[in-house]
Amino acid sequence: MSNEAVLHAPAEAGLHHEAHGDHHHEHHHETFISKYVFSMDHKMIAKQFLITGMVWAVLGGLMSVLFRLQLGYPEASFPWLEDILGKWAEGGKITPDAYYALVTTHGTVLVFFVLTAGLSGTFANFLIPLQIGARDMASPFMNMLSYWFFFAASIVMLSSMFVEFGPFSGGWTAYPPLSALASASPGSGTGMDLWLIAMALFVVSSLLGGLNYIATILNMRTKGMSMTRLPLTIWALFFTAVLGVLSFPVLFSGFILLIFDRNFGTSFYLSDIFINGVGALPNEGGSAILYQHLFWFLGHPEVYIILLPAMGMASEILSVNSRKPIFGYMAMVGSLFAIAILAFLVWAHHMFVTGLNPFLGSVFVLLTLLIAVPSAIKVFNWLTTLWRGNIRFTPGMMFSIGFVSLFISGGLTGIWLGNSALDIHLHDTYFVIAHFHIVMGVASMFGMFAGIYHWFPKMYGRYMNNTLSYLHFWITLAGAYMIFWPMHYQGLAGMPRRYYDYSVWESFKQFAELNRFISTVAMIVFAAQLLFLFNFFYSVFKGRKVTTQNPYGSNTLEWTTPVNPGHGNWVGEIPEVHRWAYDYGKDGKEFISQTTPVGADESSH
Amino acid sequence: MSTIANEAPKRIHPHKFTLWVAMGSIIMMFAGLTSAYIVKKNQSSWLEFDLPVVFMYSTLVIMLSSVTVHLAAKAFKAREMSRYRMLITVTAILGLAFMGLQILGFMDLEARNIALTGARSNSAASFLLVITGLHMLHVLGGVIALMVMFIKAYVSSVKNYSSLSIELVGTYWHFVDILWIYLFIFYNWIS
């Protein structure tokens with residue numbers, strides 16, 4: 001099916017024959033509903049994912065500020081907390097139940113709703129058709145469904161915060177028995193039911209999206225766009241989609257078994273349990289570790305589902321703004337591939353202390369440490385792309401460089417944690433918190449910010465304010481390090497994660513002031529994000545208008561579309577591609593668009 | 001970079017391709033479940049029991065339905081529409097019969113006092129229920145797709161010469177067939 005046919009398929013059912021499929025001037029009658037709500041235009045769906053992700057990022061970030069308030073000021077009480085949280089903060093102090101609910105929901109929301117749907121949902125939808133030269137996705141309808149399943153998941157997850165006993169509070173990983181027994185904790189009842197429904201809807205959304213991304217990248221590329229001419233963003237989004245399509249079903253099967261344990265009395269995960277006030281349970285022979293295997297078989301690829309889009313966008317933005325070809329294109333693709341493969345072979349490093357066979361553990365140590373090789377290749381290539389480049393410090397570029405910095409700092413601690421021997425000491429301490437927040441959380445957030453700042457002109461036809469952007473960047477970068485760097489020391493001292501109040505522990509009293517420092521910085525960083533939000537929404541409506549087609553002097557195809565592309569992206573024919581995406585500074589030319597034919601006088605590369 | 005334009009060979013239809021990726025995704029779900037089955041089996045208190053005999057008949061039924069869906073696609077391409085409608089109806093009925101036989105299998109287990117759910121249940125039987133039940137849902141999806149095509153074949157006033165739908169459903173139907181054969185072999189011999 002051609003691009004044209006896909007775009008017209010829903011309306012014309014394949015019966016309408018156009019002599020020249022590329023004439024695209026007939027007007028679709030777009031209503032408000034079909035343009036902004038149930039849109040099948042990949043660009044609008046991308047914006048829907050982005051805005052929904054931003055709402056979740058604000059909520060999830062606010063939750064972290066609230067529980068940091070408890071950790072930083074365990075003795076203080078804040079009467080205004082009772083005003084907004086009601087019975088969850090009686091007397092102005094967050095209750096232990098509310099604290100666990102906040103930690104759990106913060107994790108779930110940030111990992112899945114912001115950094116999976118918000119990140120790859122936005123940029124896979126926006127960039128894939130634009131950068132490969134397609135009118136839309138392989139199936140625009142499935143694409144629309146993908147967003148609306150995500151929206152439904154969001155509504156259910158949001159509603160779980162307003163039920164009587166609160167949302168699920170057993171940690172974002174939802175390990176049984178806390179997640180399997182309604183009587184195990186206040187949030188394990190209705191809260192957990194809603195959590196499971198929301199996550200099931202979310203898995204469906206991810207699968208619909210991922211199938212579409214893969215089919216689009218492999219089948220809908222424009223003439224001349226061979227796989228090795230694809231921008232690295234597309235390669236990264238491709239591997240992200242493959243990871244999602246192969247790992248989310250396994251999580252889903254884990255959830256199905258959990259649903260049976262919860263609702264039908266089976267014993268997949270449950271054995272020998274006694275609950276205070278309920279008594280001994282009849283369940284025999286289940287294994288809670290089984291859930292961990294199924295969960296982390298998704299859980300580890302999930303880390304790369306979050307990180308790879310950020311890597312791809314950083315690669316592209318670094319190259320464009322260094323005015324240099326990306327260093328080692330094929331090595332970049334190869335390392336993405338290696339990471340995607342290894343992602344499936346390391347899940348048990350989350351389970352070193354579950355009584356895993358030490359020999360098996362050592363295999364997982366080896367495979368885990370192997371990830372350092374492709375990661376190091378990527379870092380080397382980013383740095384050598386920057387090296388002696390003619391660097392333009394646009395906000396997108398700043399965040400990309402920040403991404404590289406965070407990826408290095410957070411990645412190095414991964415080598416520590418990948419050792420099963422060290423993990424005995426570091427497991428479930430603040431060292432782990434510091435590691436994954438820097439390397440996965442903040443780094444991917446930086447990738448997302450880089451993408452938003454860089455492609456904002458393409459998304460909305462306007463520029464964002466640079467001064468606010470730089471302010472946002474520096475506060476966030478400095479803040480991220482000030483929040484998470486000290487946590488390494490706390491973790492090395494053995495401070496466990498998820499505790500409600502450290503001031504009652506003799507060993508951790510020494511960290512009272514450090515905790516207060518971290519909490520204070522967290523609040524400042526959160527406030528700085530409001531700066532970004534203001535900048536974003538103000539610029540959508542009032543920003544300086546983009547007047548040139550290609551403001552960055554970029555080679556990729558999205559900059560050959562009109563400033564405000566309509567549904568179908570290109571007026572007239574889709575351009576043909578003649579070269580790879582990274583001809584910057586070649587033969588004395590600053591940049592050569594992918595659509596420029598290779599001249600006779602040109603040197604080959 | 002090579003400068004030779006990539007002459008694309010005749011590409012697979014995006015929807016077919018999407019179906020293949022989706023089948024890969026479904027395989028991962030069942031791979032997850034059957035690996036969990038193996039892990040669980042090697043732990044304590046695993047109940048050994050004989051599979052319901054009726055599973056043998058259901059296997060034959062679903063294999064037969066694969067033949068009829070294949071013939072339906074052939075009939076469609078030969079424009080023998082009444083034969084095509086008859087064959088997709090038979091396929092859908094065989095699909096429903098398969099699901100009925102699976103349910104008989106579950107009832108057989110319950111009759112032998114092997115609880116599938118509830119406090120007395122052993123995860124050996126529960127696994128059988130969950131995995132087989134999920135497979136039944138996938139068959140049901142195929143039946144619904146066949147019904148949609150059946151209605152279309154009668155209602156639509158426009159002649160549709162595209163064999164895409166029947167090819168998609170045919171591929172999917174063979175897939176759930178092979179998936180069941182895998183599960184059947186798995187229950188009997190692999191695990």
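Okay, so let's start at A:Met311, which touches A:Ala236 and A:Lys378 if you leave out residues up to four places away in sequence. Keep in mind that we're looking at a predicted model here. Where does A:Met311 lie? It's in helix H9 of chain A. And is A:Met311 buried or exposed? It has 29 C-beta neighbours inside 10 Å, so it counts as buried. There's also a nice long-distance link along the chain: A:Met311 and A:Val404 are 93 residues apart in sequence, yet their C-alpha atoms are separated by 8.6 Å.

Let's stay with H9 of chain A and look at its partners.

Take H8(A) to begin with. The axes of H8(A) and H9(A) come within 8 Å, and they cross at roughly 165°. Because of that angle, we call H8(A) and H9(A) roughly antiparallel to each other. Their crossing is left-handed. If you sort the residues in that contact by class, you get 22 nonpolar, eight polar and two charged ones.

Now the other partner, H15. So H9 covers residues 288–322 of chain A, and H15 covers residues 430–460 of chain A; their axes also come within 8 Å, but here the crossing is at roughly 40°. That angle makes H9(A) oblique to H15(A). The crossing of H9(A) and H15(A) is left-handed. Who actually meets whom? On the H9(A) side you've got residues including A:Val303, A:Ala310, A:Met313 and A:Ala314, and on the H15(A) side residues including A:Ala443, A:Phe446, A:Gly447 and A:Ala450. By class, the contact of H9(A) with H15(A) has 13 nonpolar residues, four polar ones and no charged ones.

A few of those names come back when we turn to the core. How many residues does the largest nonpolar core have? It has 211, and the ones with the most contacts inside it are A:Ile214, A:Leu237, A:Ala314, A:Phe403, A:Ala443 and A:Phe446. Helix H8 of chain A, residues 232–263, gives this core its largest share, with 21 residues. There's a second, separate core too, with 14 residues, and A:Leu66, A:Leu69, A:Tyr100 and A:Ala101 are among them.

If you want one residue to click on, try A:Phe403. Skipping anything up to four places away in sequence, A:Phe403 touches A:Ala310, A:Ala314, A:Ala443, A:Phe446, A:Gly447 and A:Ala450. Of those, A:Ala310 and A:Ala314 sit in H9(A), while A:Ala443, A:Phe446, A:Gly447 and A:Ala450 sit in H15(A).

Right, over to chain B. What is chain B built from? Five helices and zero strands. Reading from the N terminus, that's α-α-α-α-α. Its C-alpha atoms fill a box of roughly 60 × 55 × 25 Å along the principal axes. Chain B has 191 residues, and 33% of them are buried. And of the contacts in chain B with a separation of 6 or more, 78% are between residues 24 or more positions apart.

Last bit: how do the chains meet? The contact takes 37 residues from chain B and 44 from chain A. On the chain B side, the elements giving two or more residues are helix H1 (14–41) and helix H4 (123–155). H1(B) gives the most, with 16 residues. By class, this side of chain B has 17 nonpolar, 18 polar and two charged residues.

Methods
Residues numbered from 1 in each chain as written. Chains lettered and ligands numbered in written order. Predicted model: local features only at pLDDT ≥ 70, side-chain atom pairs only at ≥ 80, totals over all residues. Axes fitted to C-alpha atoms, helices over the stretch in contact; angles between N-to-C directions. Helix = DSSP H or I, 4+ residues; strand = E, 2+ residues; numbered from the N terminus. Parallel < 35°, antiparallel > 145°, perpendicular 65-115°, else oblique. Left-handed = near helix turned anticlockwise from the far one by under 90°. Contact = placed C-beta atoms within 7 Å. Nonpolar A, V, L, I, M, F, W, Y, C, P; charged D, E, K, R; others polar. Core = buried A, V, L, I, M, F, W, Y, C linked by C-beta atoms within 7 Å. Buried ≥ 20, exposed ≤ 12 C-beta atoms within 10 Å, placed from the backbone.
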